[in-house]
Amino acid sequence: MTDTETLRSTWLARVADAGDAPALEEVRLAALGKKGEISGLMKELGRMTPEERQTRGADLNRLRDEIDTALRVRRTAMDDAALDARLKSEWLDVTLPGRPRPSGTIHPVSQVMDEVTAIFADMGFSVAEGPQVESDWFNFDALNIPPEHPARQEHDTFFMARAEGDDRAPHVLRTHTSPVQIRAMQAQGAPIRVIAPGRVYRMDMDQTHTPMFHQVEGLAIGRDISMANLKWTLEEFCRAFFEVPAVELRFRASHFPFTEPSAEVDIRCDWSGGQLKIGEGESWLEILGSGMVHPKVLSAAGVDPAEWQGFAFGMGIDRIAMLKYGIPDLRAFFESDLRWLRHYGFAAGDVPSVAGGLSR
Ligand code: DAH
């Protein structure tokens, strides 16, 4: 074998043996790189006689081209194999049905809170918040319910446990959202227009009562806000919320320590045929308590009753959710029964329904 043939078979074998791209690159450098063997031999051509150079040069050129071609072919084969392997491993049957992605639903209480918030936001009310574990001063005293007041008993209050010798002020699970009135006025002063939706707690349990339920408080304080404004606001709210233009409210004189005068508000409805219709029929359903904020309440919150006045109301969210969506039993709201949640729940995209809109 001539020298060139030995070189050829050696280098072609090494190309064929290279197992992967880095190994192949090493072979290329060792043969054709600047310091490669073939390149080295070509450099020696300069020292040869013209005749030697002619044959040797041609041989080496051919050899270099052959090795170069072999490298390229091998490289292409490797790339193809790698691509094949990738395509195999990443193969995807786009005709398969999608995997079901179970999605939860929005609880009717959350949905109704969003709806209520959207409607009152349209009327210029912002949202205020307060703690669920509340001091008894905010929950009672500031709302003109002093310690011996009978209203304290009516509230079936949960008290926070206190170890003996622990003389921090007594705390309760708030029995209504009304303490948020005080907190909001303390924080913002007057004038003010807020609603405060949230959880409240009372020791009570039957078909229409659960130990935890939801209320939304409303408060509007200004220089000349009157009972007439209260009436308009609530009627406007009910029209939008129940999506019934002919909604009818009945204001019944009542008593709350924190309002004077006070009124409970019923909504006209019809139960005939076992189905509830709002705005017609001969029945009335109580949905909220309301009134003109008592001067003592304003004072307790740092608002001067000689200068400011306004209305407040407290509405049962669960109650109006039951009415609007025809849900018969309150307790089911909090049982987390998936079948119930799927039936009465809302899709995430359901925009708060204010389709009835405000008539302004
Ligand atoms: N806090 C009362 C309750 O839970 C509801 C209520 C009545 C709130 C009259 C008010 C109001 O703001 O003015 O029964």
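**Exercise 1. Find the element that gives the most to the lining of the largest pocket.**

Step 1. The answer is β9, which puts 6 residues into that lining. Keep in mind that this is a predicted model.

Step 2. Now place β9 on the chain: the strand covers 283-293. Other elements that supply at least two residues each to the lining are α7 (150-154), β5, β6 (249-256), β7 (259-270), β10 and α11 (317-325).

Step 3. Add the space itself. The largest pocket has a volume of about 940 Å³. Its lining counts 41 residues, and those closest to the centre are Arg-202, Phe-213, Gln-215, Phe-256 and Glu-286.

Step 4. Sort the lining by class, and you get 15 nonpolar, 17 polar and 9 charged residues.

**Exercise 2. Work out where the ligand sits and which residues come nearest to it.**

Step 1. Go back to the largest pocket, as that's where the ligand sits.

Step 2. Look at what's around the ligand. There are 15 residues, and the nearest are His-176, Ser-178, Arg-202, Gln-215 and Glu-217. Arg-202 and Gln-215 should ring a bell: both are also among the residues closest to the pocket centre.

Step 3. Trace the shell back to its strands. β5 (212-222), β9 (283-293) and β10 (309-316) each bring in at least two of its residues.

Step 4. Split the shell by class: 4 residues are nonpolar, 9 are polar and 2 are charged.

**Exercise 3. List polar contacts of the ligand, then say how much of the ligand the protein buries.**

Step 1. Start with the ligand's nitrogen side of the story. One of its nitrogen atoms is 2.9 Å from a side-chain N or O atom of Ser-178.

Step 2. Move on to oxygen. A polar atom in the side chain of Glu-217 is 2.5 Å from an oxygen atom of the ligand.

Step 3. Don't forget the backbone: an N or O atom in the main chain of Ala-312 lies 3.2 Å from a ligand oxygen atom.

Step 4. Finish with the area. On its own the ligand would expose 360 Å², and the protein buries 92% of that.

**Exercise 4. Describe the second largest pocket and name the element with the largest share of its lining.**

Step 1. This pocket holds about 310 Å³ of space. It is lined by 14 residues, with Trp-271, Leu-276, Met-322, Leu-323 and Ile-327 closest to the centre.

Step 2. The largest share comes from α11, with 5 residues. You've met α11 before, since it also supplies at least two residues to the lining of the largest pocket.

Step 3. By class, the lining breaks down into 8 nonpolar, 4 polar and 2 charged residues.

**Exercise 5. Locate two cis peptide bonds and a residue with positive phi.**

Step 1. Check the bond from Ala-190 to Pro-191: it's cis, with omega near 0°. Pro-191 belongs to the loop between α8 (179-188) and β4 (192-201).

Step 2. Next, try Glu-260 and Pro-261, which are joined by a cis peptide bond with omega about -5°. Pro-261 is in strand β7.

Step 3. Last up is Asn-144. This residue is not a glycine, yet its phi is positive, at about 65°. You'll find Asn-144 in the loop between α6 (136-139) and α7.

Definitions and conventions. Residues numbered from 1 in each chain as written. Predicted model: local features only at pLDDT ≥ 70, side-chain atom pairs only at ≥ 80, totals over all residues. Heavy atoms only, no water. Near = heavy atom within 4 Å. Polar contact = N/O pair within 3.5 Å; in protein donor to acceptor, adjacent residues only side chain to side chain. Areas by Shrake-Rupley, 256 points an atom, 1.4 Å probe, with all protein chains shown as cover. 1 Å grid on protein atoms, 1.4 Å probe; cavity = no way out; pocket = protein on both sides within 12 Å on 5 of 7 lines; lining within 4 Å. Sits in = over half its atoms within 2 Å of the grid points. Helix = DSSP H or I, 4+ residues; strand = E, 2+ residues; numbered from the N terminus. Nonpolar A, V, L, I, M, F, W, Y, C, P; charged D, E, K, R; others polar. Points joined across faces, edges and corners; volume = space filled by probe spheres on them.
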